Amino acid sequence: MPVMEYIDAIRLAMKEEMERDEDVFVLGEDVGYKGGVFSTTKGLLEQFGEDRVMDTPLAESAIAGVAIGAAMYGMKPIAEMQYSDFMFPATNQIISEAAKIRYRSNNDWSCPIVIRAPIGGGVFGGLYHSQCPESVFFGTPGLKIVAPFRAYDAKGLLKAAVRDPDPVLFFENKKCYKLIVGDVPEDDYTVPIGEANVLREGDDITVISYSLPLHFILEAAEELEEEGITSHVLDLRTLQPLDKESILAAARRTGKVLIIHEDNKFGGIGGEVSAIIAEEMLFELDAPIMRLCGPDVPAMPINPPGEKFFMLNKDKVKEAMRQLALY
Amino acid sequence: MKQSQSIKNETKHAELGLTDEQAIEMYVTMITSRRYDERCLLLQRAGKINFHVSGIGQEAAQVGAAFALNREVDYFLPYYRDYALVLTLGMTLRELMLSLFAKAEDPNSGGRQMPGHFGHKRLRIVTGSSPVTTQVPHAVGIALAAKMKKKELVTFVTFGEGSSNQGDFHEGCNFAGVHKLPVILMCENNQYAISVPMHKQLGGRICDRAAGYGFPGVRVDGNDPLEVFKVVKEARARAIAGEGATLIEAMMYRISPHSTSDNDLAYRTKEEVDEHRGKDGVVKYKQYLIECGIWDEEKDAELMVKIRAMLDDATEYGDKAPFPKPEDILLHVYDGDQSQGGR
């Protein structure tokens, strides 16, 4: 099985989907000749031409809005937001339009777009190249949101997103692009949207997370096993709709739940996961639900000590996991 | 005069390639829309419906434009005052009334959206929302898709002069200009954004902005349906020839208040409204048809009786049609009605 970087898996998914279906096309800033500022779309223009790998004017609302129009016509656009931080000018198009097109037309029209946007910090990006905007879009019915943590899921979820009949936000983690390397089958597989995934089984604590922090969690779980603490780790993979059944099954497995994400704690996805568990099985829990998240500050500063303080890492995660195990 | 130039060339509509029948049909649609609009105001005042947003004063431009387009292939992205436009495109009075009464059978939204929020896939009327001007990038995207698929069609998008100040207007125009896309953008400049008059919204002319996008912009008398027909027809020919977008600023006046919730005399005078009522494009066009010798007061009276009967039928149909089932609000969030809560 080929081993590749997370970013290569994203590129491969686009390439395969564009080969499979001529209605699939990519648009965004610098996606064409430059191949994207991170090289995510590198080589696609050479293979598919500039009509299908389209450099757009620097205007995010138009990127989303034009993609929405094309999707209503029957195309399958993949719109790239260069950084998720720059997605906010397109928020009206995403929330007022894409999310509501099927609903407001009583199922007459649909909007099968994919919007890819890199999230996350730890790359000295400062306030506006580091954010996790999931919570802004989360809670908007009509949207689907996915956030892969490894190369296998990145390819499979992006292919599923392209084939999905509804709008999908694909939050790829920019820190994972080159750092994360993994097995990616060459065959035409998809990872179903709406299904969480158990990454590790254990009986002492349950850790629920998505995107980059899962790497810290898996390392920490490995080390904690040497201390005699076994961890059950669930990757949400899809943030909306949440896989309620898998969340409850994972929580039931140990009765002790820790939810971890880089997006700030207040109003984050962890709150909703926690509420699902509390509503359904509060009295089966052996400890209060814990959350470990980014601090509630507007965004991540660029100075290295400040960035380090903001970011999660293996040690912070391990400490939280140990505390929960000892509760 | 050469022999080939027939006697018909004496009328303006014939010069533009419109038959007498088409010229009359334009009037019929305009006046039907006007009567529909007046009926809606009446129904709201009678407490039969909650809300109506009017298009009175804008019918002439809407009908003139629609007649210049290809109603079999083009895509239409109207805004909320475009009753005359959608009637020309094939929406029926019954369908409009179903929307007004928010009934299940409403083809626009199944009784979900406010009236005036059009959408009808079979007629290629693209679903729209209330945050203004979001439809401009959509029109550009459909035009882009058509160009990619080598389909010969244009997209026609309308909006008010207030809307033209939104970023989506600029972003959409610029994108269309860069890619020379077959889009016709028609601003229905009715001189008011709810209460804010034109001079507090615009430092210049909307049509002049087109120069910055690299395509032509024209201002036209929106009270003259034949002038609007002419410029839209030219714009369509350019678009189909691959020459790109056109921005049209049709000048008109919003004779009605903004909506049934608006008291317009708080910000404008009755004298001002009356002055513009005197310039009403529908009345002027009827006079034009009479002068052409193809219409008269007798035919007009017959038409009014017919429209009234059609409106009575549509009103009763809309009023008596069932509402959607309450729990149907849960449907169509996603394809195949996957629920919000996951698997």
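How many salt bridges does a search of the whole structure find over all chains? The search finds 51. The model is predicted, and the close-ups below visit a few of these pairs along with some other spots worth a look.

**Close-up 1. A salt bridge joins A:E16 and A:K159.** The closest N and O atoms of this pair are 2.5 Å apart. The two partners come from distant parts of the chain: A:E16 belongs to helix α1 (residues 6-20) of chain A and A:K159 to helix α7 (residues 151-163) of chain A, with their positions 143 residues apart in the sequence. A:E16 counts as buried because its relative accessible area is 13%, and under 20% is the cut-off for that word. A:K159 is buried too, at 1%.

**Close-up 2. A:K318 and A:E223 meet through their side chains in a salt bridge.** Here the N to O distance is 2.6 Å. Again the pair links distant parts of the chain, since A:K318 sits in helix α13 (residues 314-326) of chain A and A:E223 in helix α9 (residues 213-226) of chain A, 95 residues apart. A:K318 is buried, with a relative accessible area of 15%, whereas A:E223 counts as partly exposed at 24%.

**Close-up 3. In chain B, the side chains of B:K48 and B:D319 form a salt bridge.** N and O lie 2.8 Å apart in this pair. B:K48 is found in the loop between α2 (20-45) and α3 of chain B, and B:D319 in helix α12 (residues 297-320) of chain B, so the bridge ties together parts that are 271 residues apart in sequence. Both ends are partly exposed: B:K48 has 45% relative accessibility, and B:D319 has 31%.

**Close-up 4. Shared partners turn salt bridges into one network.** Its members are A:E16, A:E17, A:R20, A:K155, A:K159, A:R163 and A:D188. You have already met A:E16 and A:K159, which form a salt bridge with each other.

**Close-up 5. Negative charge gathers in a patch on the surface.** The residues to look for are A:D30, A:E50, A:D51 and A:D55. Of these, A:D30 is placed in the loop between β2 (24-28) and α2 (44-48) of chain A. With 33% relative accessibility, A:D30 counts as partly exposed.

**Close-up 6. Strand β11 (residues 231-235) of chain A is mostly covered.** Which residues lie on each side of β11(A)? One face carries A:S231, A:V233 and A:D235, the other A:H232 and A:L234, and all of them are buried. β11(A) has strand β9 (residues 197-200) of chain A as an antiparallel partner, with 3 bridges. One bridge pair to find is A:R200 with A:V233 of β11(A). Strand β10 (residues 205-209) of chain A runs parallel to β11(A), joined to it by 5 bridges. There, A:I208 stands opposite A:L234.

**Close-up 7. Helix α3 (residues 59-67) of chain B is mostly covered.** How many of its 9 residues are buried? The count is 9 of 9. The run includes B:E59, B:Q62, B:V63 and B:F67.

**Close-up 8. B:Y285 lies in helix α11 (residues 281-292) of chain B.** B:Y285 is buried, with a relative accessible area of 3%. Look also for B:N223: the two residues are 62 apart in sequence, and their C-alpha atoms are 8.5 Å apart in space.

Definitions and conventions:
Residues are numbered from 1 along each chain as its sequence is written. Chains are lettered from A and ligands numbered from 1 in the order in which they are written. This is a predicted model: local features need pLDDT of at least 70, side-chain atom pairs count only at pLDDT 80 or more; totals for chains, interfaces and linings use all residues. Side-chain values use heavy atoms; hydrogens and water are left out. Patches are made of residues with over 30% relative accessible area and no salt bridge: like charges are joined within 9 Å, nonpolar side chains (Val, Leu, Ile, Met, Phe, Trp, Tyr) within 5 Å. Accessible areas come from the Shrake-Rupley method with a 1.4 Å probe; for residues, only the protein chains shown count as cover. A salt bridge is a side-chain nitrogen of Lys or Arg within 4 Å of a carboxyl oxygen of Asp or Glu. Lys and Arg count as positive and Asp and Glu as negative; His and the chain ends are not counted. The place of a charge is taken as NZ of Lys, CZ of Arg, CG of Asp or CD of Glu. Helices (H or I, at least four residues) and strands (E, at least two) are DSSP runs, numbered from the N terminus. Buried means under 20% relative accessible area, exposed over 50%, partly exposed in between (1.4 Å probe, protein chains only). Two strands pair if DSSP finds at least two bridges between them.
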